[in-house]
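Let's take a walk through this fold together, starting with the overall layout and ending at a single charged side chain. Keep the viewer open as you read.

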Amino acid sequence: MEFALVSVPFIMFTLFVCEFTYGMFTQELLDGALHRAIDQMRGGYSATPPANAAGFITSFLCPQFYGLLECDPTRVFINVTPVAQGGDFYSVFPYGALPVSGNTLNLSNFQGASAYCTPAPEQFYEVSAIYIGPTFVGYLLPNILSVKTASGGGLPPVVHATLSTVGFAAENFPQQSGGAATCSTPS
């Protein structure tokens with residue numbers, strides 16, 4: 001009888017600890033991968049810079065995961081936004097906060113052509129990446145370490161979303177052929 005009373009909270013606590021440590025692990029791995037990917041983009045080290053978000057994810061970000069996270073392009077979202085020189089990185093994107101509206105993950109700023117800007121030399125940029133992973137506790141206790149996703153997006157209805165944001169200034173690298181900036185830099 002005592003085990004029946006104690007087992008459910010114990011199992012829930014164990015799952016919560018597993019999800020919490022998974023979140024910390026995912027955050028650390030995504031932060032490191034994004035920083036290493038940005039180092040390549042910041043210095044113009046790539047002979048052919050990616051022209052879109054999918055190219056950046058597969059060429060720069062995914063190789064930095066080292067096989068520990070699944071790098072499925074439908075589960076990784078990127079936003080590269082130019083920032084005016086002397087501008088405020090924090091005003092471009094809500095730094096450190098997942099884009100959640102109405103308790104649903106809003107990925108509109110992370111999809112489409114407007115979500116990626118090929119960096120140009122001597123410009124400031126903010127890069128945000130969201131990794132969508134599985135949730136253990138989210139189905140049992142909604143909104144605890146998990147968020148809902150929009151229906152029809154090909155994602156599970158409840159996911160564990162991790163956000164990493166980096167601001168950087170591109171170095172004065174020689175512009176590669178076909179690597180012109182695909183967006184206008186704010187003045």
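What pattern does the protein follow when read along the sequence? Reading along, you get α-α-β-α-β-β-β-β-β, built from three helices and six strands. One thing to keep in mind from here on is that this is a predicted model.

A few overall numbers help set the scene. Of the 187 residues in the protein, 42% count as buried. The exposed surface comes to about 9,800 Å², and carbon and sulfur atoms supply 61% of that. Now look at who touches whom: if you take the contacts with a separation of 6 or more, residues 24 or more positions apart account for 79% of them.

Let's go to the strands. A handy rule for looking at them is that in a regular strand the side chains alternate between the two faces of the sheet. Start with β4, residues 124-133. On one side of the pairing list is β1, joined to β4 by eight bridges, with the two strands running antiparallel. If you want a spot to click on, V76 stands opposite Y131 in β4. Strand β4 also pairs with β6, again antiparallel, and here 10 bridges do the joining. Two places to check are V127, whose bridge partner in β6 is V166, and A129, whose partner in β6 is S164.

How many of the 10 residues of β4 are buried? Nine of them are, so the strand is largely enclosed by the rest of the structure. Strand β6, residues 158-169, has a similar story to tell: 10 of its 12 residues are buried, so β6 too is largely enclosed by the rest of the structure. Besides β4, strand β6 has a short partner in β5, residues 147-148, which runs antiparallel to β6 and is joined to it by two bridges. In that pairing, V147 has V159 as its bridge partner in β6.

Next, the greasy parts. The largest nonpolar core has 29 residues, and those touching the most other members are L34, I38, F56, L61, F65, I78 and V127. Elements that each supply at least two residues of this core are α1 (2-42), α2, β1, β4 and β6. Which of them gives the most? That's α1, with eight residues. There is also a second, separate core of 11 residues, which includes L155, V159, A161 and L163.

Helix α2 is worth a closer look. Its buried residues are A53, G55, F56, I57, F60 and L61, and the buried residues of α2 pack against α1, β1 and β4. Pick out F56 and you can trace its contacts yourself: leaving out residues up to four places away in sequence, F56 touches A37, I38, M41, P50, L61, I78 and Y116.

Now back to α1, where two residues make useful landmarks. The first landmark, L29, is found in helix α1. Is L29 buried or exposed? Its relative accessibility is 12%, so L29 counts as buried. Setting aside neighbours within four places in sequence, L29 is in contact with F65, L68 and L69. For a distance to check in the viewer, the C-alpha atoms of L29 and Q64 are separated by 8.7 Å, although these residues are 35 apart along the chain. The other landmark is R42, also placed in helix α1. At 24% relative accessibility, R42 counts as partly exposed. Its C-alpha atom is 7.6 Å from that of P119, a residue 77 positions away along the chain.

Finally, another arginine. Where is R75 found? Look in the loop between α2 (53-61) and β1 (76-83). R75 is buried yet has no salt bridge, and the nearest side chain of opposite charge, D72, is 4.3 Å away. The cut-off for a salt bridge here is a side-chain nitrogen within 4 Å of a carboxyl oxygen, so a distance of 4.3 Å falls outside it. As for what does surround this arginine, once neighbours within four places in sequence are left aside, R75 is in contact with I130, Y131, I132, G133, L155 and P156. One of these contacts, Y131, is the β4 residue that V76 stands opposite, and another, L155, belongs to the second core.

Note on methods:
Residues numbered from 1 in each chain as written. Predicted model: local features only at pLDDT ≥ 70, side-chain atom pairs only at ≥ 80, totals over all residues. Heavy atoms only, no water. Helix = DSSP H or I, 4+ residues; strand = E, 2+ residues; numbered from the N terminus. Buried < 20%, exposed > 50% of the residue type's maximum accessible area, 1.4 Å probe, protein only. Lys, Arg positive; Asp, Glu negative; His and termini not counted. Contact = heavy atoms within 4.5 Å. Pairing = 2+ DSSP bridges. Areas by Shrake-Rupley, 256 points an atom, 1.4 Å probe, with all protein chains shown as cover. Core = buried A, V, L, I, M, F, W, Y, C linked by side-chain atoms within 4.5 Å.
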